[in-house]
Amino acid sequence: MATKIYIVYYSTWGHVATLAEEMKKGADSVPAVEVTIWRVPETLPQEVLGKMHAAPGREDHPVITAGQLAEADGILFGFPTRFGMMAAQMKAFFDTTGGLWQSGALAGKPAGVFFATGTQGGGQETTALTAVTQLTHHGMLFVPVGYTHGAGMFAMDEVKGGSPYGAGTFAGADGSRVPSDVELALAAHQGKYFAGIAKKLKVV
């Protein structure tokens, strides 16, 4: 049977959704892996989203329910940063997983994170670190990307998001910056790397 990888994200202006697509490309390159992209439910009313100039939800990425997480062999969670932590929409989704926690349905499953921040000091690493608490309480196995993407992760010639914790991008203070080629490459690598780990763990 194929190893099921779920990529579950929230995205306000589309940056995290773009990273999710690159993650899928990377994970799809691993044989016998089946990848599905999901988005979590929106919690803000359309009126507010309109004033924020938020991107419309990707209809090709269905909305997930908490119970569906148990179907996956590995899950990558993506979200924008709000004051150095995951956006409230993703936290609200995690708050609906109490039943899964009670039954231990996610225990032992590998999980990774990716993220977007507005600026370089916006909390790329604090967002990842604080997200690990959600995984820990479920008994999930945090799989960081580390420095497995090679020398490019050490390059200082351009501004780029991402870290050993996971792929990342900068949206810019006004949300106008789009993910760079370097950031997209790390996202694709993380997808492939994570899928490989999840596949090995499923065999065990």
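A residue counts as buried here when its relative accessible area is under 20%, as exposed when that area is over 50%, and as partly exposed in between (1.4 Å probe, protein chains only). With that in hand, 46% of the 204 residues of the protein count as buried. Before going further, keep in mind that this is a predicted model, so local features need pLDDT of at least 70, side-chain atom pairs count only at pLDDT 80 or more, and totals for chains, interfaces and linings use all residues. Residues are numbered from 1 along each chain as its sequence is written, and side-chain values use heavy atoms, with hydrogens and water left out.

Let's start with the overall layout. The protein has six helices and seven strands, where helices (H or I, at least four residues) and strands (E, at least two) are DSSP runs, numbered from the N terminus. Walk along the chain from the N terminus and you pass the elements in the order β-α-β-α-β-β-α-α-β-α-β-β-α. The protein is as compact as a globular protein of its length, because its radius of gyration is 16 Å, close to the 17 Å that the globule rule gives for 204 residues. For the record, that radius is taken over C-alpha atoms, and the rule is 2.2 Å times the number of residues to the power 0.38. If you like boxes, the C-alpha atoms fill one of roughly 45 × 45 × 30 Å, taken along the principal axes.

Now for how the chain meets itself. Call it a contact when heavy atoms are within 4.5 Å. Among contacts between residues at least 6 apart in sequence, 77% join residues at least 24 apart. On the outside, the accessible surface comes to about 9,600 Å², and 61% of it belongs to carbon and sulfur atoms. Those areas come from the Shrake-Rupley method with a 1.4 Å probe, and for residues only the protein chains shown count as cover.

Next, the charges. Lys and Arg count as positive and Asp and Glu as negative, while His and the chain ends are not counted. Each charge is placed at NZ of Lys, CZ of Arg, CG of Asp or CD of Glu. On that footing, the mean positions of the 15 positive and 17 negative charges are 6 Å apart.

Some of these charges pair up. A salt bridge means a side-chain nitrogen of Lys or Arg within 4 Å of a carboxyl oxygen of Asp or Glu, and the protein has nine salt bridges by this rule. One of them links Glu-47 and Lys-51, with the closest N and O atoms 3.7 Å apart. Both residues sit in helix H2 (residues 46-51), four residues apart, which is about one turn of the helix. Glu-47 is exposed at a relative accessible area of 59%, and Lys-51 is exposed too, at 64%.

Glu-183 gives another picture. Its side chain meets that of Arg-177 in a salt bridge (3.1 Å, N to O). Glu-183 is buried, with a relative accessible area of 1%, whereas Arg-177 counts as partly exposed at 24%. Elsewhere, salt bridges that share partners join Glu-21, Arg-58 and Asp-60 into one network. Within it, the closest N and O atoms of Asp-60 and Arg-58 are 2.8 Å apart. Asp-60 is partly exposed at 48%, and Arg-58 is partly exposed at 30%.

On to helix H6 (residues 181-203), which is where His-189 has its place. His-189 is buried, with a relative accessible area of 17%. Leaving aside neighbours within four places in sequence, His-189 is in contact with Val-145, Thr-148 and His-149. The C-alpha atoms of His-189 and Asp-28 are separated by 11 Å, although the two residues are 161 apart along the chain.

Finally, the loops. Gly-67 lies in the loop between H2 and strand E3 (74-82), and counts as partly exposed at 49% relative accessibility. Gly-67 and Gly-99 are 32 residues apart in sequence and 8.2 Å apart in space, C-alpha to C-alpha.

Two other loop residues are worth a look for their backbone angles. Most residues other than glycine have a negative phi. Ala-32, in the loop between helix H1 (15-28) and strand E2 (33-39), has a positive phi near 60°. Ala-32 is partly exposed, with a relative accessible area of 46%. Phe-83 also has a positive phi, about 55°, although it is not a glycine. Phe-83 sits in the loop between E3 and strand E4 (85-86), and at 87% relative accessibility Phe-83 counts as exposed.
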